[in-house]
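Okay, thanks for coming, everyone. I'll put the structure up and then talk you through it.

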Amino acid sequence: MNQRCPKCAGALSALEGSVISSCAQCKGFWVPPLGFGEPGVVQRLMELDLRPEHPLEQDHRTGVCPEGHGVLRRARASNEDPYFLERCARCGGVWLDPGEWSRLAAANLLNDVTSLWSPAWREHLSEEHNRASLQSDLRSKLGHEIFGLMESLVAKLSDPAQRALVLAYLQQRLRDR
Ligand SMILES: [Zn+2]
Ligand SMILES: [Zn+2]
């Protein structure tokens with residue numbers, strides 16, 4: 001097989017004893033579905049994964065499946081310092097640019113990578129994004145001190161009954177003044 005890297009068209013070569021291959025040129029990984037379940041795969045690829053200091057230009061485009069199934073579908077993996085994965089809808093293989101394996105591992109996303117292409121994941125990202133913009137808006141309107149007090153109060157209150165009491169009390173106190 002003469003498989004080519006989806007991003008730079010470099011030659012892909014299989015890792016020893018694995019269904020996973022890596023690009024000789026850009027050092028990205030092609031991971032067929034079975035690859036995610038190989039024993040010790042998380043650690044093995046962590047050791048091989050290059051972690052670039054700057055975002056890679058190649059992360060901004062997609063490519064074609066090395067198995068010849070056409071264009072890969074992209075999925076955003078994070079809001080902060082965003083990066084994207086590409087997946088073949090037909091064979092389920094996933095392309096990872098250098099550094100992406102390590103980031104997925106750190107974010108605990110390697111157990112169920114395919115969920116990143118689901119509507120539920122996009123919803124999760126958009127909720128996270130909305131929460132982050134609400135927080136930064138409030139921080140600038142209320143100032144660091146008051147916002148910080150609110151956040152530490154929220155973090156301290158884990159019990160729902162306690163939360164309800166505090167909310168009711170605050171509503172009343174803040175109305176009275
Ligand atoms: Zn490449
Ligand atoms: Zn494919």
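**Cysteines, zinc and pockets**

Let me start with the disulfides: the count comes to zero. The rule here asks for two cysteine sulfur atoms within 2.5 Å of each other. And please keep in mind that this is a predicted model.

So what are some of the cysteines doing? Let's go to the zinc ion that is ligand 1. Which residues are its protein donors? They are Cys5, Cys8, Cys23 and Cys26, each through SG, at 2.3 to 2.4 Å from the ion. If you like to read this off the sequence, the spacing of those donors is C-x2-C-x14-C-x2-C. One pair there is worth a look. Cysteine 8 sits in the segment before β1, which runs 12-14, while cysteine 23 is in strand β2, residues 21-23, so the two tie together parts of the chain that are 15 residues apart in sequence.

On geometry, the angles among the four donor atoms of ligand 1 run from 96 to 125 degrees, and the site is tetrahedral. The cut-off for that is all angles between 85 and 135 degrees, which is why a spread like this one still counts.

Now, buried or exposed, where does cysteine 23 fall? Cysteine 23 has 0% relative accessibility, so it counts as buried, the limit being under 20%. Cysteine 8 is at 24%, and that makes it partly exposed.

Just along the chain from there is a backbone oddity. Lysine 27 is not a glycine, but its phi is positive, near 70 degrees. You'll find lysine 27 in the loop between β2 and β3, with β3 at 29-31. Its relative accessible area is 37%, so lysine 27 is partly exposed.

Over to the other zinc ion, ligand 2. Here the protein donors are Cys65, Cys88 and Cys91 through SG, plus His69 through ND1, and they lie 2.0 to 2.3 Å from the ion. The donor spacing reads C-x3-H-x18-C-x2-C. Histidine 69 and cysteine 91 link distant parts of the chain, 22 residues apart: histidine 69 is in the loop between α1 (41-48) and β4 (73-76), and cysteine 91 is in the loop between β5 (84-87) and β6 (94-96).

This site is tetrahedral too, with angles of 103 to 114 degrees among the four donor atoms.

What about accessibility around ligand 2? Cysteine 88 is buried, at 2%. Histidine 69 comes out partly exposed at 27%, and cysteine 91 is partly exposed as well, at 26%.

Okay, pockets. The largest pocket holds about 350 Å³ of space. Which residues line it? The lining is Met150, Glu151, Leu153, Val154, Leu157, Arg163, Val166, Leu167, Leu170 and Leu174. Two elements give two or more residues each to that lining, namely α4 (144-156) and α5 (160-176). The largest share, five residues, is from α5. By class, we have eight nonpolar residues, two charged and no polar ones.

The second largest pocket has about 270 Å³. It is lined by 16 residues, and the ones nearest its centre are Pro52, His54, Pro55, Leu56 and Arg103. The lining of this second pocket divides into six nonpolar, three polar and seven charged residues.

A couple of leftovers before I stop. Asparagine 108 is another non-glycine residue with a positive phi, about 60 degrees. Asparagine 108 is in the loop between α2 (100-106) and α3 (119-142). At 62% relative accessible area, asparagine 108 is exposed.

And back to α4 for a moment, because that helix also holds lysine 156. Lysine 156 has 67% relative accessibility, so it counts as exposed, the bar being over 50%. How far is lysine 156 from cysteine 23 in space? They are 48 Å apart, C-alpha to C-alpha, and 133 residues apart in sequence.

To wrap up: there are two tetrahedral zinc sites, one for ligand 1 and one for ligand 2, and zero disulfides by the distance rule. Happy to take questions.

Methods. Residues numbered from 1 in each chain as written. Chains lettered and ligands numbered in written order. Predicted model: local features only at pLDDT ≥ 70, side-chain atom pairs only at ≥ 80, totals over all residues. Heavy atoms only, no water. Donors = N, O, S within 2.8 Å, 3.2 Å for Na, K, Ca; no water. Tetrahedral: all angles 85-135°; square planar, octahedral: opposite > 155°, others 65-115°. Helix = DSSP H or I, 4+ residues; strand = E, 2+ residues; numbered from the N terminus. Buried < 20%, exposed > 50% of the residue type's maximum accessible area, 1.4 Å probe, protein only. 1 Å grid on protein atoms, 1.4 Å probe; cavity = no way out; pocket = protein on both sides within 12 Å on 5 of 7 lines; lining within 4 Å. Points joined across faces, edges and corners; volume = space filled by probe spheres on them. Nonpolar A, V, L, I, M, F, W, Y, C, P; charged D, E, K, R; others polar.
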